[in-house]
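This report introduces a protein structure to a reader who has not met it before. It takes up strand pairing, enclosed space, salt bridges and two individual residues in turn.

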Amino acid sequence: MKKLFSIVALLLITFVMNAQNKDEFNPYWYLQLQGGAAHTVGETQFMKLVSPAAALNIGWQFSAPVSARINFNGWQGKGALPYNQGDALLYKFNYAQGGIDFLLNLANLGSYKADRVFNPYLFIGGGAAYGFKNDEAIALEPEHPVSLAKKWDNKLLTPVGRAGIGADFQLGYRVALGLEVVCNALSDQFNSKPGSFKPDFDWQYQALLGLKIRLGKKPVPAPVPVPVPVAEPEPEPEPEPVVEPEPEPEPEPEFETFVENIWFNLDKYNIRESEVYKIDNIVRVLNENPNTKISITSYCDVETGTDAHNWKLSENRSNSVKKALMEKGISEDRITTDFKGSRERPFANPAEKNRVSICVVDD
(Lines give C-alpha, C1' and ligand atoms only; values in the text may rest on other atoms or scores of the structure.)
Protein backbone atom coordinates (compact mmCIF):
# COMPACT_ATOMS: atom_id res chain seq x y z
CA MET A 1 0.00 0.00 0.00
CA LYS A 2 2.85 2.44 0.82
CA LYS A 3 4.44 1.73 -2.59
CA LEU A 4 1.09 2.42 -4.32
CA PHE A 5 0.70 5.78 -2.58
CA SER A 6 4.32 6.69 -3.47
CA ILE A 7 3.73 5.89 -7.15
CA VAL A 8 0.48 7.90 -7.21
CA ALA A 9 2.18 10.88 -5.53
CA LEU A 10 5.07 10.77 -8.04
CA LEU A 11 2.64 10.68 -10.98
CA LEU A 12 0.69 13.64 -9.59
CA ILE A 13 3.85 15.74 -9.19
CA THR A 14 4.99 14.86 -12.74
CA PHE A 15 1.61 15.73 -14.28
CA VAL A 16 1.47 19.08 -12.45
CA MET A 17 4.96 20.09 -13.59
CA ASN A 18 4.33 19.05 -17.23
CA ALA A 19 0.88 20.65 -17.68
CA GLN A 20 1.04 23.45 -20.28
CA ASN A 21 -1.94 25.80 -19.91
CA LYS A 22 -3.78 27.15 -22.93
CA ASP A 23 -5.81 29.37 -20.59
CA GLU A 24 -4.46 30.89 -17.38
CA PHE A 25 -5.55 28.80 -14.36
CA ASN A 26 -6.72 30.41 -11.11
CA PRO A 27 -7.13 28.20 -7.98
CA TYR A 28 -10.63 28.04 -6.49
CA TRP A 29 -12.80 26.37 -3.81
CA TYR A 30 -15.78 24.22 -4.80
CA LEU A 31 -18.77 22.47 -3.22
CA GLN A 32 -20.25 19.12 -4.34
CA LEU A 33 -23.72 17.85 -3.41
CA GLN A 34 -24.39 14.22 -4.42
CA GLY A 35 -27.08 11.60 -4.04
CA GLY A 36 -27.46 8.04 -5.28
CA ALA A 37 -27.30 4.41 -4.24
CA ALA A 38 -24.90 2.11 -2.38
CA HIS A 39 -24.41 -1.67 -2.56
CA THR A 40 -22.73 -3.62 0.24
CA VAL A 41 -21.42 -6.93 -1.13
CA GLY A 42 -23.24 -9.88 0.49
CA GLU A 43 -24.79 -13.33 0.01
CA THR A 44 -27.96 -12.51 -1.93
CA GLN A 45 -29.23 -10.82 -5.09
CA PHE A 46 -27.59 -7.53 -6.05
CA MET A 47 -30.74 -5.39 -5.93
CA LYS A 48 -31.72 -6.63 -2.46
CA LEU A 49 -28.58 -5.03 -1.00
CA VAL A 50 -28.99 -1.63 -2.67
CA SER A 51 -29.63 1.25 -0.27
CA PRO A 52 -29.69 5.09 -0.45
CA ALA A 53 -26.50 7.17 -0.20
CA ALA A 54 -25.68 10.88 -0.11
CA ALA A 55 -22.45 12.91 -0.01
CA LEU A 56 -21.18 16.43 0.64
CA ASN A 57 -17.69 17.43 -0.57
CA ILE A 58 -15.70 20.63 0.04
CA GLY A 59 -12.72 20.87 -2.32
CA TRP A 60 -9.75 23.06 -3.30
CA GLN A 61 -8.64 23.01 -6.97
CA PHE A 62 -5.04 24.10 -6.41
CA SER A 63 -3.75 23.30 -9.93
CA ALA A 64 -5.30 22.56 -13.32
CA PRO A 65 -5.11 18.74 -13.03
CA VAL A 66 -5.04 18.14 -9.24
CA SER A 67 -7.46 18.94 -6.41
CA ALA A 68 -8.17 17.74 -2.88
CA ARG A 69 -11.49 17.53 -1.08
CA ILE A 70 -12.95 16.75 2.32
CA ASN A 71 -15.65 14.08 1.90
CA PHE A 72 -18.71 13.40 4.05
CA ASN A 73 -21.09 10.61 2.95
CA GLY A 74 -23.31 7.82 4.18
CA TRP A 75 -26.91 6.95 4.92
CA GLN A 76 -27.78 3.29 5.08
CA GLY A 77 -26.21 -0.12 4.55
CA LYS A 78 -27.77 -3.55 4.12
CA GLY A 79 -26.69 -7.09 4.91
CA ALA A 80 -28.09 -10.56 4.24
CA LEU A 81 -27.96 -14.00 5.90
CA PRO A 82 -28.70 -17.26 4.00
CA TYR A 83 -32.08 -18.67 5.05
CA ASN A 84 -34.60 -21.31 3.95
CA GLN A 85 -32.96 -22.94 0.90
CA GLY A 86 -31.48 -19.97 -0.88
CA ASP A 87 -33.69 -17.23 0.50
CA ALA A 88 -32.04 -14.56 2.65
CA LEU A 89 -32.86 -12.60 5.78
CA LEU A 90 -32.15 -8.89 5.22
CA TYR A 91 -31.16 -6.36 7.86
CA LYS A 92 -30.26 -2.65 7.77
CA PHE A 93 -27.77 -0.45 9.62
CA ASN A 94 -26.89 3.24 9.43
CA TYR A 95 -23.46 4.76 8.91
CA ALA A 96 -21.69 8.09 8.35
CA GLN A 97 -18.30 8.36 6.63
CA GLY A 98 -15.66 11.10 6.37
CA GLY A 99 -12.22 11.46 4.84
CA ILE A 100 -9.93 13.17 2.32
CA ASP A 101 -9.73 12.45 -1.42
CA PHE A 102 -7.13 13.47 -4.00
CA LEU A 103 -8.45 13.94 -7.56
CA LEU A 104 -6.66 13.89 -10.92
CA ASN A 105 -8.43 15.59 -13.86
CA LEU A 106 -7.41 13.54 -16.91
CA ALA A 107 -8.54 16.19 -19.41
CA ASN A 108 -6.17 18.82 -17.93
CA LEU A 109 -2.99 16.71 -17.98
CA GLY A 110 -1.79 18.18 -21.29
CA SER A 111 -3.39 21.63 -21.18
CA TYR A 112 -5.97 23.61 -19.22
CA LYS A 113 -9.06 24.94 -20.99
CA ALA A 114 -11.46 26.98 -18.87
CA ASP A 115 -14.61 26.16 -20.88
CA ARG A 116 -13.97 22.43 -21.47
CA VAL A 117 -17.34 20.62 -21.23
CA PHE A 118 -16.25 17.03 -20.41
CA ASN A 119 -13.78 16.52 -17.54
CA PRO A 120 -13.12 12.86 -16.54
CA TYR A 121 -11.12 12.22 -13.36
CA LEU A 122 -9.71 9.55 -11.03
CA PHE A 123 -9.53 9.81 -7.27
CA ILE A 124 -8.11 7.99 -4.26
CA GLY A 125 -8.49 8.68 -0.56
CA GLY A 126 -9.19 7.40 2.90
CA GLY A 127 -10.88 8.17 6.18
CA ALA A 128 -13.16 6.55 8.73
CA ALA A 129 -16.75 5.27 8.94
CA TYR A 130 -19.02 5.43 11.98
CA GLY A 131 -21.81 2.83 12.23
CA PHE A 132 -24.91 3.06 14.41
CA LYS A 133 -28.45 1.62 14.78
CA ASN A 134 -27.59 -2.01 14.02
CA ASP A 135 -30.76 -3.27 15.78
CA GLU A 136 -31.98 -5.51 12.93
CA ALA A 137 -28.68 -7.43 12.80
CA ILE A 138 -28.68 -7.87 16.58
CA ALA A 139 -32.23 -9.29 16.44
CA LEU A 140 -31.09 -12.03 14.00
CA GLU A 141 -28.25 -13.23 16.26
CA PRO A 142 -30.20 -16.03 18.10
CA GLU A 143 -30.97 -17.69 14.74
CA HIS A 144 -27.48 -17.18 13.24
CA PRO A 145 -24.93 -16.90 16.07
CA VAL A 146 -22.03 -18.04 13.87
CA SER A 147 -22.83 -15.93 10.80
CA LEU A 148 -22.88 -12.77 12.92
CA ALA A 149 -19.53 -13.41 14.57
CA LYS A 150 -18.43 -9.89 13.55
CA LYS A 151 -21.54 -8.13 14.82
CA TRP A 152 -21.46 -4.82 16.66
CA ASP A 153 -24.38 -3.92 18.89
CA ASN A 154 -23.87 -0.26 19.80
CA LYS A 155 -21.51 1.63 17.52
CA LEU A 156 -18.62 0.97 15.17
CA LEU A 157 -15.63 3.05 14.03
CA THR A 158 -13.65 1.59 11.14
CA PRO A 159 -10.99 2.89 8.71
CA VAL A 160 -11.97 3.27 5.05
CA GLY A 161 -9.96 3.18 1.84
CA ARG A 162 -11.57 4.77 -1.23
CA ALA A 163 -10.96 4.90 -4.96
CA GLY A 164 -13.09 5.63 -7.98
CA ILE A 165 -13.74 7.35 -11.28
CA GLY A 166 -15.99 10.24 -12.21
CA ALA A 167 -16.81 12.86 -14.81
CA ASP A 168 -18.01 16.47 -14.67
CA PHE A 169 -20.13 17.97 -17.46
CA GLN A 170 -19.70 21.75 -17.39
CA LEU A 171 -23.05 23.58 -17.53
CA GLY A 172 -21.57 27.05 -17.03
CA TYR A 173 -18.72 28.86 -15.32
CA ARG A 174 -19.94 27.97 -11.80
CA VAL A 175 -22.01 24.77 -12.17
CA ALA A 176 -21.17 21.26 -13.43
CA LEU A 177 -23.22 18.05 -13.42
CA GLY A 178 -21.16 15.13 -12.09
CA LEU A 179 -21.33 11.33 -11.98
CA GLU A 180 -19.10 9.20 -9.72
CA VAL A 181 -18.57 5.48 -9.11
CA VAL A 182 -16.83 4.75 -5.78
CA CYS A 183 -15.32 1.60 -4.29
CA ASN A 184 -14.98 1.58 -0.46
CA ALA A 185 -12.90 -0.99 1.45
CA LEU A 186 -13.99 -1.21 5.11
CA SER A 187 -13.35 -3.33 8.17
CA ASP A 188 -14.79 -6.88 8.10
CA GLN A 189 -17.12 -5.78 10.91
CA PHE A 190 -18.97 -3.27 8.72
CA ASN A 191 -21.86 -5.62 7.80
CA SER A 192 -21.65 -7.62 11.08
CA LYS A 193 -20.45 -10.92 9.58
CA PRO A 194 -17.24 -12.40 8.14
CA GLY A 195 -16.40 -11.37 4.59
CA SER A 196 -16.72 -13.77 1.67
CA PHE A 197 -13.78 -12.34 -0.31
CA LYS A 198 -10.05 -12.18 0.41
CA PRO A 199 -8.59 -10.09 1.89
CA ASP A 200 -11.18 -9.97 4.65
CA PHE A 201 -12.69 -6.56 3.88
CA ASP A 202 -16.27 -5.51 3.48
CA TRP A 203 -16.71 -3.95 0.05
CA GLN A 204 -19.23 -1.25 -0.68
CA TYR A 205 -19.85 0.40 -4.05
CA GLN A 206 -21.59 3.73 -4.59
CA ALA A 207 -23.02 5.42 -7.69
CA LEU A 208 -23.58 9.15 -7.08
CA LEU A 209 -25.04 11.92 -9.22
CA GLY A 210 -24.78 15.56 -8.18
CA LEU A 211 -23.79 19.16 -8.77
CA LYS A 212 -20.38 20.78 -8.42
CA ILE A 213 -20.48 24.51 -7.59
CA ARG A 214 -17.43 26.75 -8.03
CA LEU A 215 -17.05 29.30 -5.22
CA GLY A 216 -15.42 32.74 -5.13
CA LYS A 217 -15.35 35.66 -7.53
CA LYS A 218 -15.01 35.19 -11.27
CA PRO A 219 -11.55 36.49 -12.32
CA VAL A 220 -11.54 39.61 -14.48
CA PRO A 221 -9.32 39.30 -17.59
CA ALA A 222 -6.31 41.62 -17.54
CA PRO A 223 -6.61 44.54 -19.99
CA VAL A 224 -4.69 44.04 -23.21
CA PRO A 225 -2.17 46.89 -23.52
CA VAL A 226 -2.01 48.82 -26.78
CA PRO A 227 1.35 48.27 -28.53
CA VAL A 228 3.53 51.38 -28.69
CA PRO A 229 4.55 52.00 -32.32
CA VAL A 230 8.25 52.34 -33.02
CA ALA A 231 9.07 55.78 -34.40
CA GLU A 232 11.18 55.46 -37.56
CA PRO A 233 13.60 58.35 -38.19
CA GLU A 234 12.85 60.42 -41.29
CA PRO A 235 15.44 60.08 -44.08
CA GLU A 236 17.91 62.92 -44.40
CA PRO A 237 17.67 64.97 -47.66
CA GLU A 238 20.37 64.26 -50.20
CA PRO A 239 23.06 66.98 -50.40
CA GLU A 240 23.40 69.01 -53.61
CA PRO A 241 26.28 67.84 -55.78
CA VAL A 242 29.39 70.08 -55.73
CA VAL A 243 32.70 69.80 -57.47
CA GLU A 244 34.95 71.42 -54.91
CA PRO A 245 35.50 71.04 -52.09
CA GLU A 246 34.58 67.44 -51.33
CA PRO A 247 31.39 67.33 -49.22
CA GLU A 248 31.84 66.25 -45.65
CA PRO A 249 30.01 63.02 -44.76
CA GLU A 250 26.65 63.52 -43.13
CA PRO A 251 26.74 62.79 -39.38
CA GLU A 252 24.86 59.73 -38.26
CA PRO A 253 21.49 60.57 -36.67
CA GLU A 254 21.52 60.49 -32.87
CA PHE A 255 19.85 57.47 -31.31
CA GLU A 256 16.45 58.18 -29.77
CA THR A 257 15.69 56.49 -26.47
CA PHE A 258 13.47 53.42 -26.96
CA VAL A 259 10.99 52.35 -24.23
CA GLU A 260 8.96 49.14 -24.02
CA ASN A 261 6.62 48.09 -21.14
CA ILE A 262 6.30 44.35 -20.41
CA TRP A 263 3.02 43.68 -18.54
CA PHE A 264 2.51 40.74 -16.13
CA ASN A 265 -0.50 38.93 -14.65
CA LEU A 266 -1.32 39.15 -10.95
CA ASP A 267 1.38 37.49 -8.77
CA LYS A 268 3.19 36.13 -11.89
CA TYR A 269 6.63 36.77 -13.34
CA ASN A 270 6.55 34.58 -16.44
CA ILE A 271 6.33 36.50 -19.74
CA ARG A 272 2.89 36.14 -21.32
CA GLU A 273 2.54 35.06 -24.94
CA SER A 274 0.91 38.41 -25.75
CA GLU A 275 4.13 40.22 -24.62
CA VAL A 276 6.68 38.12 -26.56
CA TYR A 277 6.60 40.45 -29.56
CA LYS A 278 7.87 43.27 -27.32
CA ILE A 279 10.95 41.20 -26.44
CA ASP A 280 11.54 40.81 -30.19
CA ASN A 281 11.21 44.60 -30.65
CA ILE A 282 13.83 45.24 -27.96
CA VAL A 283 16.22 42.65 -29.46
CA ARG A 284 15.84 44.22 -32.91
CA VAL A 285 16.63 47.73 -31.59
CA LEU A 286 19.67 46.47 -29.64
CA ASN A 287 21.01 44.56 -32.66
CA GLU A 288 20.53 47.57 -34.95
CA ASN A 289 22.34 49.80 -32.42
CA PRO A 290 25.29 47.81 -31.03
CA ASN A 291 26.56 50.72 -28.88
CA THR A 292 23.32 50.94 -26.86
CA LYS A 293 22.46 49.29 -23.56
CA ILE A 294 19.19 48.45 -21.80
CA SER A 295 18.00 49.04 -18.23
CA ILE A 296 15.10 46.98 -16.80
CA THR A 297 13.16 48.22 -13.76
CA SER A 298 10.25 46.11 -12.42
CA TYR A 299 7.31 46.94 -10.14
CA CYS A 300 4.30 45.37 -8.34
CA ASP A 301 0.89 46.80 -7.48
CA VAL A 302 0.56 47.81 -3.82
CA GLU A 303 -3.02 46.54 -3.59
CA THR A 304 -1.97 42.87 -3.35
CA GLY A 305 0.82 41.03 -1.53
CA THR A 306 3.15 41.99 1.31
CA ASP A 307 6.09 44.36 0.88
CA ALA A 308 8.60 41.49 1.14
CA HIS A 309 6.67 39.32 -1.31
CA ASN A 310 6.32 42.14 -3.85
CA TRP A 311 10.02 43.03 -3.54
CA LYS A 312 11.01 39.47 -4.51
CA LEU A 313 8.31 39.26 -7.20
CA SER A 314 9.59 42.44 -8.91
CA GLU A 315 13.16 41.05 -8.82
CA ASN A 316 11.90 37.86 -10.52
CA ARG A 317 10.14 39.93 -13.21
CA SER A 318 13.37 41.79 -14.04
CA ASN A 319 15.30 38.51 -14.19
CA SER A 320 12.64 36.96 -16.49
CA VAL A 321 13.03 39.80 -19.02
CA LYS A 322 16.84 39.65 -18.76
CA LYS A 323 16.81 35.89 -19.34
CA ALA A 324 14.54 36.28 -22.40
CA LEU A 325 16.90 38.86 -23.93
CA MET A 326 19.99 36.73 -23.30
CA GLU A 327 18.27 33.72 -24.91
CA LYS A 328 17.82 35.93 -28.01
CA GLY A 329 21.59 36.59 -28.13
CA ILE A 330 21.92 39.89 -26.19
CA SER A 331 25.14 40.03 -24.15
CA GLU A 332 24.72 40.18 -20.37
CA ASP A 333 27.10 43.16 -20.09
CA ARG A 334 24.58 45.27 -22.08
CA ILE A 335 21.76 44.60 -19.55
CA THR A 336 21.16 46.36 -16.22
CA THR A 337 18.33 45.27 -13.88
CA ASP A 338 16.61 47.00 -10.99
CA PHE A 339 13.39 46.35 -9.00
CA LYS A 340 11.20 48.48 -6.74
CA GLY A 341 8.57 46.05 -5.43
CA SER A 342 5.42 48.01 -4.54
CA ARG A 343 7.31 50.88 -2.89
CA GLU A 344 7.11 53.00 -6.05
CA ARG A 345 4.24 53.34 -8.53
CA PRO A 346 5.16 54.21 -12.11
CA PHE A 347 1.45 54.55 -12.96
CA ALA A 348 -1.28 56.07 -10.80
CA ASN A 349 -4.20 54.03 -12.17
CA PRO A 350 -5.27 51.38 -12.84
CA ALA A 351 -3.45 49.15 -10.32
CA GLU A 352 -2.85 46.46 -12.98
CA LYS A 353 -0.50 48.80 -14.89
CA ASN A 354 2.00 48.64 -11.99
CA ARG A 355 2.56 44.91 -12.68
CA VAL A 356 5.21 45.88 -15.20
CA SER A 357 8.86 45.81 -16.24
CA ILE A 358 9.85 49.12 -17.88
CA CYS A 359 12.65 48.54 -20.43
CA VAL A 360 14.69 51.56 -21.59
CA VAL A 361 17.23 51.30 -24.45
CA ASP A 362 19.67 54.20 -24.55
CA ASP A 363 23.26 55.08 -25.47
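## Strand pairing

Two strands are said to pair if DSSP finds at least two bridges between them. The structure described here is a predicted model. In it, β1 and β8 pair in the antiparallel sense, with 11 bridges between them. Within this pairing, Gly36 stands opposite Leu208 of β8. The strand β1 is also joined to strand β2 (residues 50-61), again in the antiparallel sense, by 12 bridges. Here His39 has Val50 in β2 as its bridge partner.

A further set of pairings involves β5, β6 and β7. The strands β5 and β6 run antiparallel and are joined by 15 bridges, and Phe132 has Lys155 in β6 as its bridge partner. The strands β6 and β7 are likewise antiparallel, with 11 bridges, and Phe169 is partnered by Leu177 in β7. A hairpin is formed by β6 and β7, with 4 residues between the two strands.

## The largest cavity

The model contains 2 cavities of 30 Å³ or more. The volume of the largest cavity is about 340 Å³. Its lining comprises 27 residues, and those closest to its centre are Tyr28, Gln61, Asn105, Asn119 and Lys212.

Several strands contribute to this lining. At least two residues each come from β1 (28-40), β4, β5 (118-132), β6 (155-170), β7 (175-186) and β8 (202-214). By class, the lining of the largest cavity consists of 14 nonpolar, 7 polar and 6 charged residues.

## The second largest pocket

The second largest pocket holds about 690 Å³ of space. Its lining is made up of 26 residues, with Pro233, Glu254, Phe255, Glu256 and Asn289 nearest the centre. The elements that give two or more residues to this lining are β9 (258-263) and α3 (276-288).

The lining of the second largest pocket is composed of 12 nonpolar, 4 polar and 10 charged residues.

## Salt bridges

Side chains of opposite charge can pair when their charged atoms come close. With a salt bridge taken as a side-chain nitrogen of Lys or Arg within 4 Å of a carboxyl oxygen of Asp or Glu, the model has 14 salt bridges. One of them joins the side chains of Asp101 and Arg69, at 3.0 Å from N to O. This pair links distant parts of the chain, for Asp101 belongs to strand β4 (residues 87-105) and Arg69 to strand β3 (residues 66-83), and the two are 32 residues apart. Both Asp101 and Arg69 are buried.

Another salt bridge is formed by the side chains of Arg272 and Glu275, at 3.9 Å from N to O. Arg272 and Glu275 are both buried. The side chains of Glu332 and Lys322 also meet in a salt bridge, with an N to O distance of 3.1 Å. Glu332 lies in the loop between α4 (307-327) and β11 (335-339), whereas Lys322 is in helix α4, so this salt bridge ties together parts that are 10 residues apart in sequence. Glu332 has 45% relative accessibility and therefore counts as partly exposed. Lys322 counts as buried because its relative accessibility is 18%. In addition, salt bridges with shared partners join Arg69, Asp101, Arg162 and Glu180 into one network.

## Two individual residues

Where does Asn94 lie? Asn94 is part of strand β4. Buried residues have under 20% relative accessible area; Asn94 counts as buried because its relative accessibility is 18%. Leaving aside residues up to four places away in sequence, Asn94 touches Trp75, Gln76, Tyr130, Gly131, Phe132, Lys133 and Trp152. Among these contacts is Phe132, the residue whose bridge partner in β6 is Lys155.

Glu352 is located in the loop between β11 and β12 (356-362). The relative accessible area of Glu352 is 33%, so this residue is partly exposed. Glu352 and Asn265 are 87 residues apart in sequence, while their C-alpha atoms are 8.1 Å apart in space.

Key: Residues numbered from 1 in each chain as written. Predicted model: local features only at pLDDT ≥ 70, side-chain atom pairs only at ≥ 80, totals over all residues. Heavy atoms only, no water. Buried < 20%, exposed > 50% of the residue type's maximum accessible area, 1.4 Å probe, protein only. 1 Å grid on protein atoms, 1.4 Å probe; cavity = no way out; pocket = protein on both sides within 12 Å on 5 of 7 lines; lining within 4 Å. Points joined across faces, edges and corners; volume = space filled by probe spheres on them. Nonpolar A, V, L, I, M, F, W, Y, C, P; charged D, E, K, R; others polar. Contact = heavy atoms within 4.5 Å.
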